[in-house]
Amino acid sequence: MRILRVALPVPLPGLFDYTHDRKQPAPEPGSRVVVPFGRRRLVGVVLEVAGSSELPESRLKSVHQVLDGPCLDRHLLELLQWCARYYCHPVGEVVSMALPGLLRRTGRRSPATESWYALTESGHQASLDRAPRQDSIRAVLQEGPASRKTLVDRVDGAASAIARMLEKGLVCRAEPPPRQLPSRVAGPELNTDQRHALAAILQARNHYQGLLLAGVTGSGKTEVYLQAARRALDRGRQVLLLLPEIGLTPQLVRRIEARLGEQAWTYHSGLNDSERLATWLNAASGKARVIVGTRSAVFMPLPEPGLFVIDEEHDGSFKQQDGPRYSGRDVAVMRANMLGIPIVLGSATPSLESLHNARLGRYRHLKLPERAGTARMARWRMLDLRGKEKLEGGLSPRVLQTIDSHLEKGGQVLIFRNRRGYAPVLLCTACGWQADCHQCSAHMTWHHKAGRLVCHHCGHTQRVPTACPDCGDPNLRGRGVGTERLEEVLGQRFPDYPVYRVDRDSMRGRDSFESLLETVRKGEACLLAGTQMLAKGHHLPGVTLAVVIDADQALFSADFRAPERLGQLLIQVSGRAGRGDREGEFVLQTLHPEHPWLKDLARNDYPAFAERLLEERKTADLPPYSALAMLRAEASRPETAQAFLDRALESTDPPEGIELAGPFPSVLARRAGQYRFQVWIQARERNRMTGFLQQFTSQLRALKSPRNCRWHVEVDPLSL
Ligand code: ADP
Ligand code: ZN
Ligand code: ZN
């Protein structure tokens, strides 16, 4: 008997056994197969081929079809099995997640290529006076071959006109032109610190080494990665560059291509299935030498890997928030380790985890303490709000003056506010009623232009009421400042300058953000008001002033990671100012200018700030000085979720070195109608955690949670 052990995309642990005809050649591990599962047919991946099963033969079903040769190599299979164990998630779902969408289905294994068309000889000459659409298509094609998409975009009713013209032989199918690479540009000559960093990376080229490249904003980290990447390419190796979601802009991709003289293949959620498959297959065949992607690209097949780079390694978007809750950064480190290649983790504000690893000597700590070229760090100013000045859209008169003087000198001004919408709260001035989400323990955000209240947690939206639903008073007012309000206030206060709002509402689609960045890079004085999207990584040399309106909440948050995130945010926002020739300034409005965290940050001393936080974590036994996992449960009635977690706690007797605490309500106690509770699981040593969670989760499955109570375990959670 031949048994195939198959990983299937179902929320059950372990592999599933199927019989396979011995007369057929045995599929290699990593091959995709179609198998019956209940009444469905599923695509799975063979992980093992065995001679026997623990189940009696009568209960085994046979494999329907072997789809193709191995699409995951042994190394990736090993990595995915490690992920399943470490993140305590069913291996079948982990394996399925690592495949591009099209390979999770039975269909074809080659990406769809777009149709291109060209004019034929008779197409050039035909008289098309009475077929205006065909004539318009000809006009486009006279400039050269064009894709179907171009034609459809530019000519109304193009689809049927193309069909007619194909029939009449006026157009024919054409090869898509090869993609134009920007011409190769030599980078600047590296300064001493950059050269040392590069040398350290190159020294590690033939073995595993984690390298933490801690360089202040604008210190030239990207130049270092690119030179290291170029050397890896020269040695015939592939390079994988992982970026946070917002960091992956077309502009950055062009910069990488120009510097490396090599096409950069992208992999992220903005691509369609076919584009993702194309990158994946080309990486697997070795044609793609440079892959640039967000966290899911960490599972890219790479026959000749030479270097991994994680840019902005502290960024929370490397952590997946549903399904297998893995950290793309941490998986990349594990993978580099398994492959025996170097991995560079770069950031101006490294995570405490990575700093801790550097301190323990697990990573080499490389530092770029100065900005590259002639740019200097922005000057910090803490603006004490305790004087009770009247604020306008959250801005004090002194900040407004500062903004004015920067604009007058031709500078660009960036104002950071981490709240979308017009106001975070809508309230009744007569009785104090506030608009709350009926499904979440949260206020609804008032979006003024859209005339709607929106819950930013569950997405529920409704019309803004014309009067208070409690007392009928028509005087409803917003409290607090969102980016929409900020935009309005800035527009009124500075009518001579353009105001650009940058958030998820105003920047739908990648292109709108990219084209805004292009406009801003032209350098004309302007105001930019926006969220996270503005804080990260973008190089805007015209910005001379960056302002954070209010970050005080984070000083007193219940989340132990809040101060770390605050520091990273403030340093990143201040790092947007003064990247060009002119000196930059950063202003933080606060009611707590004496706070020790803020004082470290104001000296632009992120290392001292991080040291302080690490000491605090150590005292409290929090990560990275212990390992943390969360068991979370949610149900439509709070008792249900709580009772399940109580039973979970009773069912286990944690071994020495593992502590459980809870159940506690989550910070957002109710979301989308579900009450959420969690149990903290803390381990002094990480490897004990993995073992304990295996055993604990199998007990939990045996407990049979009540229907309509869902639970999951998250390892190394970032948000509480
Ligand atoms: P980071 O990635 O640390 O933010 P970048 O690599 O993007 O920094 O560099 C910031 C700016 O400084 C870029 O415009 C880059 O071209 C320039 N730069 C980098 N290294 C040097 C250098 N050695 N000499 C001059 N300019 C440099
Ligand atoms: Zn009222
Ligand atoms: Zn809600």
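**Note on aromatic pairs and the zinc site**

1. The count of aromatic pairs comes to 11, where rings of Phe, Tyr and Trp (the six-membered ring of Trp) pair if their centres lie within 6.5 Å, and planes under 30 degrees apart count as stacked, over 60 as edge-to-face and the rest as tilted. This is a predicted model, in which local features need pLDDT of at least 70 and side-chain atom pairs count only at pLDDT 80 or more, while totals for chains, interfaces and linings use all residues. Residues are numbered from 1 along each chain as its sequence is written, chains are lettered from A and ligands numbered from 1 in the order in which they are written, and side-chain values use heavy atoms, with hydrogens and water left out.

2. Phe560 and Trp680 form a tilted pair, because their ring centres are 6.2 Å apart and their planes stand at 50°. Phe560 belongs to the loop between strand 25 (543-548) and helix 17 (562-574), whereas Trp680 is in strand 29 (residues 674-683), so that the pair links distant parts of the chain, 120 residues apart (helices, H or I of at least four residues, and strands, E of at least two, are DSSP runs numbered from the N terminus). Phe560 is buried at 13% relative accessibility, and Trp680 is also buried, at 19% (buried means under 20% relative accessible area, exposed over 50%, and partly exposed in between, with a 1.4 Å probe and protein chains only).

3. Phe644 and Trp711 count as stacked, because their planes lie at 25°, with ring centres 6.2 Å apart. This pair ties together parts 67 residues apart in sequence, since Phe644 lies in helix 20 (residues 638-651) and Trp711 in strand 30 (residues 709-715). Phe644 is buried at 1% relative accessibility, whereas Trp711, at 22%, is partly exposed.

4. Trp82, Tyr86 and Tyr87 are joined into a cluster by ring pairs.

5. Two arginines sit over rings: Arg276 lies over the face of Tyr267, 4.4 Å from the ring centre, and the charged end of Arg493 is over the ring of Phe494, 5.4 Å from its centre. The criterion is that NZ of Lys or CZ of Arg is within 6 Å of the ring centre and within 35 degrees of the ring normal.

6. The zinc ion (ligand 3) has as protein donors the SG atoms of Cys437, Cys440, Cys455 and Cys458, at 2.3 to 2.4 Å, and these follow the spacing C-x2-C-x14-C-x2-C along the chain. Donors are N, O and S atoms within 2.8 Å of the metal (3.2 Å for Na, K and Ca), and sites may look incomplete because water is not among the atoms. The site is tetrahedral, with angles of 107 to 113° among its 4 donor atoms (four donors count as tetrahedral if all angles lie between 85 and 135 degrees). Cys437 and Cys440 are both buried.

Terms used. Four donors count as tetrahedral if all angles lie between 85 and 135 degrees; four count as square planar and six as octahedral if opposite donors are over 155 degrees apart and all others between 65 and 115; anything else is irregular.
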